[in-house]
Amino acid sequence: MLVDSLLKLSSKAVAKGLEIDFYKNYDVSLEPPLSDNVFKELTKITQNCSLVIAKKTGLKLNLSSFDHTSFACTEEDLQNLYLHDIRSLVIHLSLKSFKCRFVSDKECQMICRSFPNLTCLEVSCFNMKSLNEIHRLTNLQTLILYCNSFNPWDGSEVLFKLPNLRILEVPVSHNFFKNLSLCHGTFPSLRFIECKRSDINEAQLRQLIAQHPSLEAISVLKTPCERIDFSDLPITVFNMTTFESTMNTLCYKLDERSLDWDRVNELLGRLEELFGNKDVRGFEEDDFLKTMMKVTQKILRLSPRGIQMEKCLVAYFKRFFPDQSMTEILQNLDPKDPLLIERRWAAQTVLRFFPEE
């Protein structure tokens, strides 16, 4: 704790010095984590990104990531990045992650040329011409193309030149997967694809999986594939079709850094609905109850909402403990049952929200 406090205080002090150009006559280089913390503190007190990325600041930062969506970044700033050659890049501004929005073709090409060692790139609202230099990013592992509409035959095959790409996210997109299906090539290392709110269809999804044996999972929430059963496929498909796929999707969403409670409640509502079906293939009581406990922990930490989760538990008890009240279920639990703790917790949780007279 003391070390963390000292790091925060020193980062604020150095950032303040950068703001007033205190280091202009110095030649100092900072390494992570101090450099990352200084950069973070600087963006809190000023919108002038040029203080960090100009060629001569007196203070040289080696940043593990560069996200310009939270502060102003002009074309001149990006030009300053472009003017660094590969040797000075390592000394002045060494980047592994870059995130930007509304960049021009020229600016995106500058990024690809200037930072060949990037492992993560996120670009929003662009066209594929912007990425005609992306083949330079041979170390790229994560590519996020957010909120884009792709034109037919727009050169999507250039993405196949990324030999180490493992994660491809194309949310809120139009025509991307259609164009990709018309290209010749594959991603040799691809593990995961995020497709939420895109227009991917069943034929395109099956073609993707057939062409990429390395693929392990694909997320298709809010797409035409959201309610299609893909249980015959050899990978995990995150959607809301079967009990198993919905549970997998719920666990996936719970592990996200930024929790989408509306989506979690929608998934819980889908599980409640599926308990009413004749077929609940994929239901594993142990996994289900432990996941509900995880949901409760998230609720206590992050959100006051929880009624949908309790409704889901009510549906579970109605399915597997028919014609019994929660009080009767608690009284009749077998003390030798391996799921005694989980079942008792579930019944007690329901009673807290829906007390019986």
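Buried, in these exercises, means a relative accessible area under 20%, exposed means over 50%, and partly exposed lies in between, with a 1.4 Å probe and protein chains only. The model is predicted, so local features need pLDDT of at least 70 and side-chain atom pairs count only at pLDDT 80 or more, whereas totals for chains, interfaces and linings use all residues. Residues are numbered from 1 along each chain as its sequence is written, and side-chain values use heavy atoms, with hydrogens and water left out.

**Exercise 1. Determine how many residues of helix H6 are buried, and set this beside the chain as a whole.**

Solution. Begin with the elements: helices (H or I, at least four residues) and strands (E, at least two) are DSSP runs numbered from the N terminus, and the chain has 14 helices and 12 strands. Next, take helix H6, residues 105–114, which is mostly covered, with seven of its 10 residues buried. The buried residues of H6 are Glu107, Cys108, Gln109, Met110, Ile111, Cys112 and Ser114. Finally, for the chain of 357 residues, 49% count as buried.

**Exercise 2. Describe the aromatic pairs that involve Tyr316, and find the cluster to which Tyr316 belongs.**

Solution. Start from the rule: rings of Phe, Tyr and Trp (its six-membered ring) pair if their centres lie within 6.5 Å, and planes under 30 degrees apart count as stacked, over 60 as edge-to-face and the rest as tilted. A search of the whole structure on this basis finds 19 aromatic pairs. For Phe283 and Tyr316 the ring centres are 6.4 Å apart and the planes stand at 35°, so the pair is tilted. This pair links distant parts of the chain, since Phe283 sits in the loop between helix H10 (261–274) and helix H11 (285–302) while Tyr316 is in helix H12 (residues 307–320), 33 residues apart. Phe283 and Tyr316 are both buried. Tyr316 also pairs with Phe321, here edge-to-face, at 6.1 Å centre to centre and with 70° between the planes, and Phe321 is buried, as is Tyr316. Widening the view, one aromatic cluster is formed by Phe243, Phe275, Phe283, Phe288, Tyr316, Phe317, Phe320 and Phe321.

**Exercise 3. Characterise the second largest cavity by its volume, its lining and the helices that supply the lining.**

Solution. On a 1 Å grid over the protein atoms alone, a cavity is a set of points where a 1.4 Å probe fits but cannot get out, a pocket is an open set with protein on both sides within 12 Å along at least five of seven lines, and lining residues have an atom within 4 Å of a point. Grid points are joined across faces, edges and corners, and a volume is the space filled by probe spheres set on the points. The count comes to two cavities of 30 Å³ or more, and the second largest has a volume of about 40 Å³. Its lining consists of Phe177, Leu180, Ser181, Gln204, Gln207, Leu208 and Gln211. Helix H7 (176–181) and helix H8 (202–211) each supply at least two of the lining residues, and H8 gives the most, with four. For the classes, Ala, Val, Leu, Ile, Met, Phe, Trp, Tyr, Cys and Pro count as nonpolar, Asp, Glu, Lys and Arg as charged, and the others, Gly among them, as polar; the lining of this cavity then has three nonpolar, four polar and no charged residues.

**Exercise 4. Carry out the corresponding analysis for the second largest pocket.**

Solution. The second largest pocket has a volume of about 190 Å³. It is lined by 14 residues, of which Phe230, Ser231, Ile235, Val237 and Ser245 are the closest to its centre. Strand E12 (236–238) and helix H9 (243–254) each supply at least two residues of the lining, and the largest share, three residues, comes from H9. By class, the lining of this pocket has five nonpolar, seven polar and two charged residues.

**Exercise 5. Place Arg263 in the structure and list the residues that Arg263 touches.**

Solution. Arg263 is in helix H10 and is buried, with a relative accessible area of 7%. Taking contact as heavy atoms within 4.5 Å, and not counting residues up to four places away in sequence, Arg263 touches Leu221, Lys222, Glu226, Met240 and Lys253.
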